[in-house]
Amino acid sequence: MISIFAGNNGQIKYRLITRNDAELFRIDPKGKITTLVQFDREKRDIYEFIAVAEDSGSPSLSSAINVKIIVADENDNYPKFEQQIFTFSLLENSYINKHLIAKINVSDSDQGENSKIEYKLASLTGECSLQALTPSNFLFPNKIANLNPAINNFWIDKTSGELNARDTLDREQMNRYCFAVIAMDQGVPSLNSSALLIIDILDQNDNVPKITSNMTVYLQSSLAGSHVTTITAKDLDDKENAELSFRIVQQSDLFKIDERQGFIYLARKLETSDYHTHLLTINVSDNGKPSLFVTGQLRIFIDAATINRGNAQDYLSFMDKLKTVEVNGFGPDTLLFCGILTFIFLIAVIISLFTAVILCRRFQDTSKCNNFIAYFIKFYS
Ligand SMILES: [Ca+2]
Ligand SMILES: [Ca+2]
Ligand SMILES: [Ca+2]
Ligand SMILES: [Ca+2]
């Protein structure tokens with residue numbers, strides 16, 4: 001409310017001369033100006049009109065003043081994020097712009113302190129989703145330093161909103177971070193909003209494959225194609241950086257390796273000269289760029305006693321299988337054989353029937369035909 005007082009010189013009348021803004025204000029007989037509507041500073045913050053004071057003399061004398069109304073701000077707008085979910089990717093073991101990951105932008109339509117934003121990061125106690133984004137799920141770093149060290153890998157500049165990685169990150173330890181980013185204005189009382197922040201850590205080929213299989217083998221079979229052993233290895237990286245290829249380094253006409261699966265087999269039947277210890281250098285490499293590799297020595301013992309024992313065991317297990325088929329009577333092979341016999345029998349019956357019908361038509365004699373059919377039934381019964 002504003003008051004305009006024009007002195008005591010007779011009876012004074014007040015009125016507002018305005019442009020469009022006149023309807024928004026009124027002035028009472030004592031010169032008090034009041035508003036007629038609610039004002040929204042974010043739509044318009046300045047109004048101007050002229051107030052006139054007029055005496056009741058004859059002729060009447062008057063004076064006028066310019067009145068300027070400035071609408072003060074109220075903190076009635078929440079900080080607004082550009083988007084609700086921010087997703088960033090960061091290559092492990094590296095910085096982006098000296099630790100800077102991105103700048104989080106927030107707007108607030110208010111003015112002054114009411115639109116001045118401070119940023120904070122918080123861990124989420126719930127799952128990584130927009131539904132979990134409620135203040136009851138927020139855990140701030142100072143309270144949880146020992147409970148959730150993941151958040152300590154990042155920090156946000158509280159005034160600029162620049163999100164930074166504090167240190168190099170290892171994808172093999174954690175490949176995704178999920179936080180809440182909170183923006184608070186400095187109004188009284190303060191208003192705040194939050195958004196989901198997801199940081200995916202991309203893989204770099206920083207792990208050498210590790211051989212995990214036993215590298216000592218006693219060969220038990222002399223036949224070409226026999227399984228010798230399978231080389232297994234682990235690589236902690238991701239995708240092609242962890243896809244492994246297996247190779248025998250030296251040329252060998254006796255041993256071959258499957259490049260993808262790592263199993264080693266006999267390329268040919270054993271000869272007498274093969275009966276000794278063989279040392280193979282196995283190379284296991286990933287498909288990263290550049291590729292990393294490890295080599296290991298595989299020791300294969302070949303002696304007649306072990307081979308004979310292995311061959312004897314192979315023979316016994318083969319005989320056991322045969323017995324199982326005989327005892328059960330209806331092994332898969334037996335069933336196939338029975339099926340083929342039945343099929344041949346049915347074809348024979350159909351051909352015979354077809355022949356019988358054609359011959360009957362040629363005989364033109366019912367008794368001969370009946371005799372023939374009777375003979376046919378007797379043959380198949
Ligand atoms: Ca605000
Ligand atoms: Ca406001
Ligand atoms: Ca690797
Ligand atoms: Ca890696």
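**Exercise 1. Locate Pro290 and describe the peptide bond that precedes it.**

Solution. Pro290 lies in the loop between strand S24 (277-286) and strand S25 (293-301). Strands (E, at least two residues) and helices (H or I, at least four) are DSSP runs, numbered from the N terminus. Next, consider the bond itself: Lys289 and Pro290 are joined by a cis peptide bond, with omega about 0 degrees.

The model is predicted: local features need pLDDT of at least 70, side-chain atom pairs count only at pLDDT 80 or more, and totals for chains, interfaces and linings use all residues. Residues are numbered from 1 along each chain as its sequence is written, while chains are lettered from A and ligands numbered from 1 in the order in which they are written.

**Exercise 2. Summarise the protein chain by its helices and strands, its burial and its contacts.**

Solution. Begin with secondary structure: the protein chain has 4 helices and 25 strands. Turn then to burial, where 18% of the 381 residues count as buried. A residue is buried if 20 or more other C-beta atoms lie within 10 Å of its own, exposed if 12 or fewer, and partly exposed in between, with C-beta atoms placed from the backbone. Finally, of the contacts with a separation of 6 or more, 66% are between residues 24 or more positions apart. Two residues are in contact if their C-beta atoms, placed from the backbone, lie within 7 Å.

**Exercise 3. Describe how S5 and S6 are connected and paired, and state why S6 lies largely in the open.**

Solution. First, the connection: a hairpin of 6 residues leads from S5 to S6. Pro59 is located in this loop, and a cis peptide bond, with omega about 0 degrees, links Ser58 to Pro59. Second, the pairing: strand S5 (residues 46-55) and S6 run antiparallel and are joined by 9 bridges. Two strands pair if DSSP finds at least two bridges between them. Glu54, for instance, has Ser62 of S6 as its bridge partner. Third, the burial: strand S6 (residues 62-70) has 9 residues, of which the number buried is 0, so the strand lies largely in the open.

**Exercise 4. Place Leu163 in its sheet and determine whether it is buried or exposed.**

Solution. Leu163 belongs to strand S14 (residues 162-165). Strand S14 is part of an open sheet of 3 strands in the order S9-S14-S13, with antiparallel pairing. The edge strands, each pairing on one side only, are strand S9 (100-103) and strand S13 (154-156). From one strand to the next, the twist averages 20 degrees, where axes are lines fitted to C-alpha atoms (for helices over the stretch in contact) and angles run from 0 to 180 degrees between N-to-C directions.

S13 and S14 are joined by 3 antiparallel bridges, and Leu163 in S14 is the bridge partner of Ile156. Leu163 lies 63 residues from Leu100 in sequence, yet their C-alpha atoms are 6.0 Å apart. Leaving aside neighbours within four places in sequence, the contacts of Leu163 are Ile101, Ala102, Ile104, Phe154 and Ile156. Leu163 is buried because 23 other C-beta atoms lie within 10 Å.

**Exercise 5. Describe the phi angle, location and exposure of Asn93 and of Lys239.**

Solution. Asn93, although not a glycine, has a positive phi of about 60 degrees. Asn93 sits in the loop between strand S8 (85-91) and S9, and counts as partly exposed because it has 13 C-beta neighbours inside 10 Å. Lys239, also a residue other than glycine, has a positive phi near 45 degrees. Its loop runs between strand S20 (233-234) and strand S21 (244-248). Lys239 is exposed, with 11 other C-beta atoms within 10 Å.
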